[in-house]
Amino acid sequence: LDVSMDMWSYFHTCLVSIWLHRFYIYSAVAFGISLWIAIQFTTSRTKRKKSRGNPSSPEGTADKLGNGCAPPQAQEVHVAGVKIFYGSQTGTAKRFAKDLAEAVTSLNLPVEVINMGDYDPEDGLAEETSSRNICVFLVATYTEGQPPESAAWFCKWLEEAASDFRVGKSFLQGLRYAVFGLGNSAYVDHYNTVGRRMDRWLWMLSARRIMTRAEGDCNVAQSKHGSIEADFEAWKAKFLTRLQALCRGEKKPCSGKCKKGKCKSSGKQSKDSSDHEHGTSEQDNTEAEELFETSSEEEAGGTDSVIDVEDLGNIMGHMKKAKVLLLEGVWNAAGAERREMITPALREALTKQGYKLIGSHSGVKLCRWTKSMLRGRGGCYKHTFYGIESHRCMEATPSLACANKCVFCWRHHTNPVGTEWRWKMDQPEVILQEALEKHQNMIRQFKGVSGVKAARLEEALAVKHCALSLVGEPIMYPHINRFVRLLHRHGISTFLVTNAQFPEEIRRLEPVTQLYVSVDASTKESLRRIDRPLFKDFWQRFLDSLKALAEKQQRTVYRLTLVKAWNVDELKAYADLISLGKPDFIEVKGVTYCGESSASSLTMANVPWHGEVVSFVQELARLLPEYGIACEHEHSNCLLLAHSKFQVDGEWRTWIDYGRFQELVREHERSGGSRTFTAAEYTARTPPWALFGARERGFDPLDERVQRRNKARDTSGC
């Protein structure tokens with residue numbers, strides 16, 4: 001018993017000792033484990049370095065293998081190929097797809113370019129889940145945030161599959177993809193919505209991103225890299241880098257938070273993080289806005305910094321200089337240097353179309369009626385309606401940008417769009433000088449051309465009229481009043497056209513020879529469909545512009561463009577708009593078909609016959625007792641309604657006394673604006689051949705009409 005008690009006492013003493021010294025024991029065990037981990041880590045790292053340095057080792061060979069770098073039987077294929085899907089309306093996404101395909105081909109990878117309109121997503125995408133291909137989606141956002149026509153079914157199927165409970169949420173599990181969206185940030189509510197939605201729908205079906213969605217911006221002023229082409233090039237470089245990493249067998253998926261080409265993934269993308277990404281806001285662009293901003297403390301040198309009184313002079317000098325640069329269009333309101341409106345790609349496209357570009361935002365082009373009148377083959381409808389000399393008219397614009405994307409735009413939407421001026425700004429003196437020089441150079445090229453009349457060629461070198469209607473929205477140019485004054489000082493009359501989206505600018509506009517407002521539709525919905533405006537409040541702006549036009553004392557014109565099956569059945573609504581703006585004249589013209597364009601669904605079927613235009617004008621005149629049909633220009637499919645105040649003693653006086661106008665505008669300028677004048681003060685008698693119902697149908701009898709048959713027509717002109 002004593003022995004038993006002694007043994008128990010011994011064990012009890014040991015246990016108490018261990019318990020009292022437990023901290024030291026725990027520390028020793030932890031140290032041992034840490035030492036073992038360190039040894040294992042060092043050993044494995046050394047082995048990896050040796051294998052990389054020894055190509056003959058199995059590990060080194062496997063690490064160096066990649067697609068196109070070893071015989072098929074000796075390598076594991078991580079990327080079988082790349083499939084590039086594009087949905088394009090104007091051809092930009094298609095062009096980018098081909099460009100990307102060439103770059104992928106240079107990596108010795110199989111590549112296929114696919115139009116979404118020619119692809120069945122239900123069967124095809126399911127096969128990609130096990131194909132080891134990388135799927136790239138280049139998709140544009142079109143009108144009202146809708147996909148292009150070619151991608152409509154693809155997007156519709158994807159949306160329905162993502163929201164249909166009958167389709168398994170893992171339907172596209174295994175599909176690896178990347179999305180590049182094309183859009184224009186000027187359309188604030190719909191910027192790149194198609195690309196964003198496609199990215200979300202793919203994720204909802206368990207497809208896996210290989211990199212963050214990127215967005216290209218057609219808006220030069222807001223584009224991250226200066227143009228949509230530059231945005232694409234920057235994304236393409238990141239994509240190729242990521243693709244090469246995947247070919248080497250990198251297994252870490254992208255978390256959707258890559259920036260500047262560096263993937264910051266933690267190794268596994270959780271559904272919670274992705275759900276948070278898409279649930280916060282559809283407007284978020286996880287890659288897009290890396291704003292180079294500084295805080296007010298950084299700019300001022302800290303919140304507690306004190307400015308010495310002696311430094312106030314320098315500070316005020318810098319502030320004054322900054323204000324001047326802001327007003328001159330060198331900086332924007334954020335203090336960053338403004339970008340040029342015309343990007344290299346845009347410059348190339350417009351130059352091919354015959355534009356002579358001036359500076360960074362202006363242009364001039366020779367109208368086909370100028371060429372026609374040089375040959376004695378007749379002038380444009382302005383010659384018939386208002387007495388301009390078409391061969392002495394310069395068609396120009398100080399702003400290539402526009403706030404609409406009209407379906408009948410004869411420029412096929414190659415010009416930029418915007419709702420305010422955000423670009424570098426050229427001075428009006430420079431624009432006018434270059435415009436005159438370029439116009440005169442184009443005129444000189446007709447010297448010696450068969451049929452050109454020498455006397456008219458000589459006259460054409462002295463510009464007498466300027467049609468500010470070439471393209472874009474001239475009234476957007478901040479120095480438009482200075483530009484108009486310069487034209488008048490050169491003895492040049494001004495015909496300015498605006499799209500009725502800038503009412504305040506119309507009110508501030510100084511007198512022009514004739515001010516036009518384009519009235520392309522008479523209801524809110526039809527205007528949205530035809531003009532496709534950028535402004536959210538486009539209809540209110542439209543109405544306010546018409547009211548502003550009614551306040552003008554000089555000649556004002558509504559320009560109605562008839563598009564069959566779009567806006568020819570809205571007579572009463574047109575009459576209401578005319579009573580709102582009270583224009584002096586109403587030009588009604590059948591739309592001109594300028595050829596097939598992917599940017600518009602307009603066809604020859606939408607072009608009304610001249611008889612249909614005449615019928616429309618006659619019906620409209622019955623609703624407007626104060627107006628009468630004054631002139632007709634059959635060749636342009638155009639008629640003129642004039643207010644009865646321009647019918648004096650039974651004779652229409654729609655023509656302009658240009659000499660008298662120049663006298664009046666000079667008096668107005670000398671008086672500082674106090675001497676006003678009205679449209680009635682510079683009218684002239686309309687010749688009989690220009691009147692509606694005349695045998696000549698608006699063709700000047702002094703010229704010779706040439707009938708063309710089976711030849712393509714030049715549709716350019718004002």
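In this predicted model, Ile 33 has a relative accessibility of 48% and therefore counts as partly exposed, since that class lies between the limits of under 20% for buried and over 50% for exposed residues. Ile 33 is found in helix H2, and it belongs to a nonpolar patch on the surface that is formed together with Leu 15, Ile 18, Ile 25, Tyr 26, Val 29, Trp 36 and Ile 37, with about 850 Å² of accessible area in total. Two elements, helix H1 (2-20) and helix H2 (22-53), each give two or more residues to this patch, and the largest share, 6 residues, comes from H2.

A UniProt annotation applies to this part of the chain: an unreviewed entry places the feature "transmembrane region" at residues 23-42. In the model, this span is 100% helix and 0% strand, and its end C-alpha atoms lie 29 Å apart.

The buried nonpolar residues were examined next. The largest nonpolar core has 84 residues, and Val 519, Phe 542, Leu 560 and Ile 586 are those with the most contacts inside it. Helix H20, which covers residues 538-550, gives the most to this core, with 7 residues. A second core, separate from the one just described, has 30 residues and includes Val 104, Ala 178, Leu 182 and Cys 247.

For Leu 560, when residues up to four places away in sequence are not counted, the residues touched are Val 519, Tyr 574, Ile 586, Glu 587, Val 588, Lys 589, Phe 616 and Leu 620. Among these, Val 519 and Ile 586 are also listed with Leu 560 as residues with the most contacts inside the largest core.

How values were computed: Residues numbered from 1 in each chain as written. Predicted model: local features only at pLDDT ≥ 70, side-chain atom pairs only at ≥ 80, totals over all residues. Heavy atoms only, no water. UniProt positions renumbered as here; feature names shortened; annotations may be inferred. Helix = DSSP H or I, 4+ residues; strand = E, 2+ residues; numbered from the N terminus. Core = buried A, V, L, I, M, F, W, Y, C linked by side-chain atoms within 4.5 Å. Buried < 20%, exposed > 50% of the residue type's maximum accessible area, 1.4 Å probe, protein only. Contact = heavy atoms within 4.5 Å. Patch = residues over 30% accessible without salt bridge, like charges linked within 9 Å, V, L, I, M, F, W, Y side chains within 5 Å. Areas by Shrake-Rupley, 256 points an atom, 1.4 Å probe, with all protein chains shown as cover. Salt bridge = Lys/Arg side-chain N within 4 Å of Asp/Glu carboxyl O.
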